[in-house]
Amino acid sequence: MVERTYDDNTVIIFDTTLRDGEQSPGATLSSAEKLEIARQLSRLGVDVIEAGFPAASPDDLRAVQRIASEVGTADGPKIAGLARAVESDIRTAWQGVKAAAKPRIHTFLGTSPSHLAMLRINKEEGLNRIRSAVTLAKSLCDDVEFSPMDAGRTDTEYLVQACAAAVECGATTLNIPDTVGYVMPAEWADTLEMLINETPGAGPGSGVIWSVHCHNDLGLATANTLAGLTRGVRQVEVTVNGIGERAGNTSLEEVVMAIHTRKSFYNLRTNIDSAQIMKTSRMVRNYMGMPVQPNKAIVGANAFAHESGIHQDGVLKNALTFEIMQPEDIGLSQSKLVLGKLSGRHALRVRLRELGYEVDGDELMDVFRRFKELADRKKTVTDADLEALVADEAAHKPEDHFRLIDIQVVCGTMGMPTATVKLANQDGDESIVSAVGTGPVDASYRAIDKIVQAPNELLEFNMHAVTEGIDALGEVTVRISPEGSNRTFGGYGADSDVVVSSVKAYVAALNRMISSGSFGESAAKRAVATVGIASS
Ligand code: KIV
Ligand code: ZN
């Protein structure tokens with residue numbers, strides 16, 4: 001367990017992966033996955049977890065409640081719930097977070113001309129809405145955060161009035177969002193400094209914490225966030241892998257590693273255990289089915305890879321020649337699992353626990369069976385392999401609408417690629433269907449489509465090897481969109497057979513799409529009814 005300590009130089013890490021990050025196209029998570037990610041965020045050492053937007057749906061509320069009661073312990077992070085400046089939202093947010101030892105209500109109102117126009121209110125009415133919202137939130141919860149949404153395009157005089165109104169009514173954190181990723185680092189730093197010095201009741205020594213929340217539309221989210229830290233901001237709102245609406249939010253790992261690596265420049269600290277970064281990144285990538293670009297700073301596959309001869313030579317002689325951080329700093333170890341195929345479940349469980357996974361019961365049996373199969377085929381089973389197996393097990397549950405039972409493909413340069421797929425539905429009824437396609441994956445997806453009958457478009461398909469070597473596990477993430485909708489759903493699969501990983505990823509995405517109900521009830525019923533009677 002991370003020990004969180006605070007002084008004037010501590011930067012509070014407010015993680016919004018489960019709220020703003022989950023608003024990324026296709027990043028839908030089940031509540032079990034949200035809980036797992038929240039547990040990992042706690043191990044990572046974030047100070048605040050924004051667990052969701054409880055008023056968005058009963059499912060969101062339940063997920064926030066579970067995180068509040070199971071992760072929001074006295075020695076754990078604060079748990080925040082987002083609420084518009086609307087009475088029902090604020091009351092629902094309180095229902096979401098109140099079981100946490102350290103709950104927070106985060107309420108917001110758009111303050112830029114276009115946001116006020118959208119709300120059909122003038123500036124004075126905006127201030128009144130802020131006062132009522134913060135007063136209500138404060139009557140329920142001691143810890144209240146207020147955000148003037150689209151602050152980046154709000155005139156500074158009105159921003160000061162909005163922040164002053166919020167503080168007067170009890171807000172203890174003022175978060176300044178660049179909602180559309182519009183601002184430039186130098187001007188943003190000036191705006192934040194001006195706000196800190198000129199907002200009545202919120203200046204240095206007032207106890208109010210100033211926060212920034214940036215979006216990455218111009219690729220400046222990290223730069224804008226760091227610019228704020230040089231002028232007195234002490235909370236940053238970030239997401240793992242920088243996921244979020246459109247081009248995403250500020251990336252947690254980039255800000256944290258900038259603070260840690262350039263200690264002499266910032267003279268600041270965080271409570272983050274940076275050795276947990278890579279694991280958290282992989283977990284978010286796998287559960288959300290959202291690949292990380294290879295050249296992504298800190299957590300991209302190439303972030304520590306050296307290709308040119310000169311670089312390789314330099315790094316071999318002294319890693320610091322071309323590296324400003326060590327791979328171990330972010331938990332990117334080359335450690336090989338010393339368990340062999342004769343190792344028992346207990347040893348596996350201990351290793352998984354060391355890696356931060358609590359795996360028990362049937363789940364442990366499943367991971368163990370797959371570990372044995374892998375150890376039979378692969379010389380060394382790495383921690384990354386184990387993490388992929390755990391992620392794959394988490395992505396495919398017995399209660400899913402459809403489960404892959406078997407798959408067989410025939411492909412090559414002769415004849416037509418053909419796949420035969422056996423799926424089971426929630427009741428255990430099985431269907432076997434064959435289809436031909438342009439390749440083994442296409443044929444498999446066509447066979448699955450015949451069973452599931454949930455028309456969709458495949459928007460993205462990504463495959464990569466977990467480790468180097470011909471015997472590596474292959475990971476696949478896919479993104480699909482139901483016909484006639486612009487919602488998207490991601491899926492993940494890992495197996496040493498890449499066709500199997502591809503099929504698992506597609507089935508996981510279809511399960512998400514069906515659970516969301518977003519491809520039409522009649523199609524969902526047809527899909528379920530088809531199972532058991534589909535012809536081959
Ligand atoms: O981007 C934004 O303005 C937000 C607020 C709700 C803080 O996400
Ligand atoms: Zn945002």
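Is Arg39 buried, partly exposed or exposed? Arg39 is partly exposed, because its relative accessible area is 31%, and the class buried ends under 20% while exposed begins over 50%. The model examined here is a predicted one.

Arg39 has a charged partner. Its side chain meets that of Glu70 in a salt bridge, with N and O 2.8 Å apart. This pair links distant parts of the chain. Arg39 sits in helix 1 (residues 31-44), whereas Glu70 belongs to helix 2 (residues 58-70). The two residues are 31 apart in sequence. Glu70 has a relative accessible area of 37%, so Glu70 counts as partly exposed.

Other salt bridges show other settings. Across the whole structure, a search finds 34 of them. One of these joins Asp20 to Arg19, at 3.5 Å from N to O. Both Asp20 and Arg19 are buried. Another salt bridge is formed by Asp89 and Arg84, whose closest N and O atoms are 2.9 Å apart. Here the partners fall into two classes. Asp89 is buried, because its relative accessibility is 2%. Arg84 is partly exposed, because its relative accessible area is 42%. Salt bridges also join into a network, which links Arg370, Asp392, Glu393, Asp495 and Lys504.

Helix 14 (residues 361-377) holds Lys372. With a relative accessibility of 23%, Lys372 is classed as partly exposed. Lys372 can also be placed relative to Leu252. The two are 120 residues apart in sequence, and their C-alpha atoms are 35 Å apart in space.

The strands come next. Eight of them make a closed barrel, in the order 1-2-3-4-5-6-7-8, and their pairing is parallel. On average, neighbouring strands of this sheet are turned by 25° against each other, direction ignored.

Strand 5 (residues 144-149) runs parallel to strand 6, and two bridges join them. Phe146 has Leu174 of strand 6 as its bridge partner. Strand 6 itself spans residues 173-178 and is mostly covered, with six of its six residues buried. In a regular strand, side chains alternate between the two faces of the sheet. In strand 6, Thr173, Asn175 and Pro177 point one way. Leu174, Ile176 and Asp178 point the other way. Residues of both sets are buried.

Further along the barrel, strand 7 (residues 209-214) and strand 8 also run parallel, joined by three bridges. Ser211 stands opposite Gln235 of strand 8.

Just before strand 8 lies Arg234. This residue is in the loop that connects helix 8 (221-229) with strand 8 (235-238). Which side chain of opposite charge is nearest to Arg234? That side chain is Asp7, 7.3 Å away. A salt bridge needs nitrogen and oxygen within 4 Å, so a distance of 7.3 Å is beyond the limit. Arg234 is thus buried yet has no salt bridge. The side chain of Arg234 does reach a backbone atom, the oxygen of Asp8, at 3.0 Å. Asp8 is also among the contacts of Arg234 once neighbours within four places in sequence are left aside. The other contacts in that list are Asn9, Thr10, Val11, Ile12, Ile209, Trp210, Leu229 and Leu268.

Key
Residues are numbered from 1 along each chain as its sequence is written. Chains are lettered from A and ligands numbered from 1 in the order in which they are written. This is a predicted model: local features need pLDDT of at least 70, side-chain atom pairs count only at pLDDT 80 or more; totals for chains, interfaces and linings use all residues. Side-chain values use heavy atoms; hydrogens and water are left out. Helices (H or I, at least four residues) and strands (E, at least two) are DSSP runs, numbered from the N terminus. Buried means under 20% relative accessible area, exposed over 50%, partly exposed in between (1.4 Å probe, protein chains only). Lys and Arg count as positive and Asp and Glu as negative; His and the chain ends are not counted. A polar contact is a pair of N or O atoms within 3.5 Å; within protein, one must be able to donate a hydrogen and the other to accept it, and residues adjacent in sequence count only if both atoms are side-chain atoms. Contact means heavy atoms within 4.5 Å. Two strands pair if DSSP finds at least two bridges between them. Axes are lines fitted to C-alpha atoms, for helices over the stretch in contact, and angles run from 0 to 180 degrees between N-to-C directions.
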